[in-house]
Amino acid sequence: MIDALNLFELEKLAMEKLPQSAHDYFASGAWDEVTLRENRAAFERIKVHYRVLVDVSRRDLSTRLFGQGISMPILIAPTAFHKLAHPDGELAAVRAAGTAGTIMVLSCLATTRVEDVVNAASGPVWFQLYINKDRGFTRDLVARVAAAGCQALMLTVDTPEWGRRERDVRNKFHLPPGLAAVNLLPSNERGEVIGQSGAGMGHAFAWMLDASVTWKDVEWLRSFTKLPVILKGVCRADDAKRAVESGASGIVVSNHGGRQMDTAPATIDVLSRCAEAVGGRVPILMDGGVRRGLDVLKAIALGATAVQVGRPVLWGLAAGGQEGVEFALGLLRQELDLTMALAGCPDLKAITRDLITV
């Protein structure tokens, strides 16, 4: 039983169970954490001009993404190192996603093998990717996740270098023995991960990013995979337009949860401009600061097809494993359902731009 009324209280429960360094790793933002705070504050400034005398006795929260039906427009965003929060890690999260009838996007910095995550899933699993300095490794990893059964790739494009998160520097953050970014490490013929203890994380971080990646690399990625390629980390309208022109199947308006470029705008503040530039040609997701079902309605009104939530999933994991993640997703669903009723929206199509002022 999770004793919380909302996601803010869920984080407090998580803080009681997580070591300080793990909580700070999950919770922190870059530099002065201006963007981290603004992601949340921007939602609170938006006003909802609700409709009245609409039949909302039945509400339909379902939608489709790339032919995949989901019960609500809320996905699990890619977040690293789930086993820092709970021993069941990504397996607990993907099982909760299945219970909620939604999609889990698995981080390439997962602490569980992609094959094991997909095998535990009862719904779609997507895979988050960085284009690696070793293009051969990137190609092999894409083939591996496709063979495992992942149904889309989410390419993170806002990370030519790691943002500086001073809480992690102060805490000298490192993975404890026994945990590693297992999908970025080679395995022997018995399937045992080499370097799972020791310097696994350092090995992954040292070579997984490439500051020379350009739009041509998006086209390169698309050239050898049939999976939809979704670009995550867009915050400008011109980049959103170019993403579509480069053949991206979708975009995620995201500032990496405030963990990369500090003082970048809140994602909800740039969502509508990006949506206008895309013009409905591909689905648009957004993440950053979503803590209420009310936030989901605001994002959809501003042009999002769906939202992703990251930190709330981690708080759920820390507070109660699979049950905690189910609680977090279920709470967001309940709040969105109530919000739609109060706003006069029987389905997602009724959530239109005229409902809100920014």
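This report walks through the pockets and cavities of a predicted model, then two buried aspartates, one helix and two residues with positive phi.

Because this is a predicted model, local features need pLDDT of at least 70 and side-chain atom pairs count only at pLDDT 80 or more, while totals for chains, interfaces and linings use all residues. Residues are numbered from 1 along each chain as its sequence is written, and side-chain values use heavy atoms, with hydrogens and water left out.

## Pockets and cavities

Rolling a probe the size of a water molecule over the atoms shows where empty space is left. Here the search runs on a 1 Å grid over the protein atoms alone: a cavity is a set of points where a 1.4 Å probe fits but cannot get out, and a pocket is an open set with protein on both sides within 12 Å along at least five of seven lines. Lining residues have an atom within 4 Å of a point. Grid points are joined across faces, edges and corners, and a volume is the space filled by probe spheres set on the points. For the classes, Ala, Val, Leu, Ile, Met, Phe, Trp, Tyr, Cys and Pro count as nonpolar, Asp, Glu, Lys and Arg as charged, and the others, Gly among them, as polar.

| Space | Volume | Nonpolar lining residues | Polar lining residues | Charged lining residues |
|---|---|---|---|---|
| Largest pocket | about 670 Å³ | 17 | eight | six |
| Second largest pocket | about 350 Å³ | eight | five | three |
| Largest cavity | about 450 Å³ | 12 | 11 | six |
| Second largest cavity | about 40 Å³ | seven | two | none |

The largest pocket holds about 670 Å³ of space. It is lined by 31 residues, and those closest to its centre are Val-157, Asp-158, Thr-159, Pro-160 and Gly-233. Helices (H or I, at least four residues) and strands (E, at least two) are DSSP runs, numbered from the N terminus. On that basis, β7 (153–156), α9 (215–223) and β8 (229–234) each supply at least two residues of this pocket's lining, and β8 has the largest share with three.

The second largest pocket, at about 350 Å³, has 16 lining residues, of which Thr-63, Ala-304, Thr-305, Leu-348 and Lys-349 are the closest to its centre.

There are two cavities of 30 Å³ or more. The largest cavity has 29 residues in its lining, and Pro-78, Thr-79, Lys-232, His-256 and Arg-259 are the closest to its centre. Two or more residues each come from α2 (20–27), β11 (306–309) and α13 (311–343), with α13 giving the largest share, three residues. The lining of the second largest cavity includes Cys-108, Tyr-130 and Met-208; helix α6 (residues 135–148) gives the most to that lining, three residues.

## Two buried aspartates

Which strand holds Asp-287? Asp-287 lies in β10 (residues 284–287). Its relative accessible area is 6%, so Asp-287 is buried (buried means under 20%, exposed over 50%, partly exposed in between, with a 1.4 Å probe and protein chains only). The side chains of Asp-287 and Ser-254 are joined by a polar contact of 2.6 Å. A polar contact is a pair of N or O atoms within 3.5 Å; within protein, one must be able to donate a hydrogen and the other to accept it, and residues adjacent in sequence count only if both atoms are side-chain atoms. Beyond neighbours within four places in sequence, Asp-287 is in contact (heavy atoms within 4.5 Å) with residues including Lys-232, Thr-267 and Gln-308.

Asp-295 sits in helix α12 (residues 293–301) and is buried at 2% relative accessible area. A polar atom of the Asp-295 side chain lies 2.9 Å from the backbone nitrogen of Arg-292. Asp-295 and Glu-44 are 251 residues apart in sequence, yet 8.5 Å apart in space, C-alpha to C-alpha.

## Helix α10 and positive phi

In helix α10 (residues 237–245), the buried residues are Ala-240, Ala-243 and Val-244. They cover an arc of only 95 degrees around the axis, so they lie on the same side of α10; the arc is that of the directions from the helix axis to the C-beta atoms. Their cover includes α9, β8, β9 (250–253) and α11 (267–278).

Most residues other than glycine have a negative phi. Leu-53 has a positive phi of about 55 degrees, in the loop between β1 (47–48) and β2 (63–65), and is exposed at 88% relative accessibility. His-256 has a positive phi near 65 degrees in the loop between β9 and α11, but is buried at 13%.
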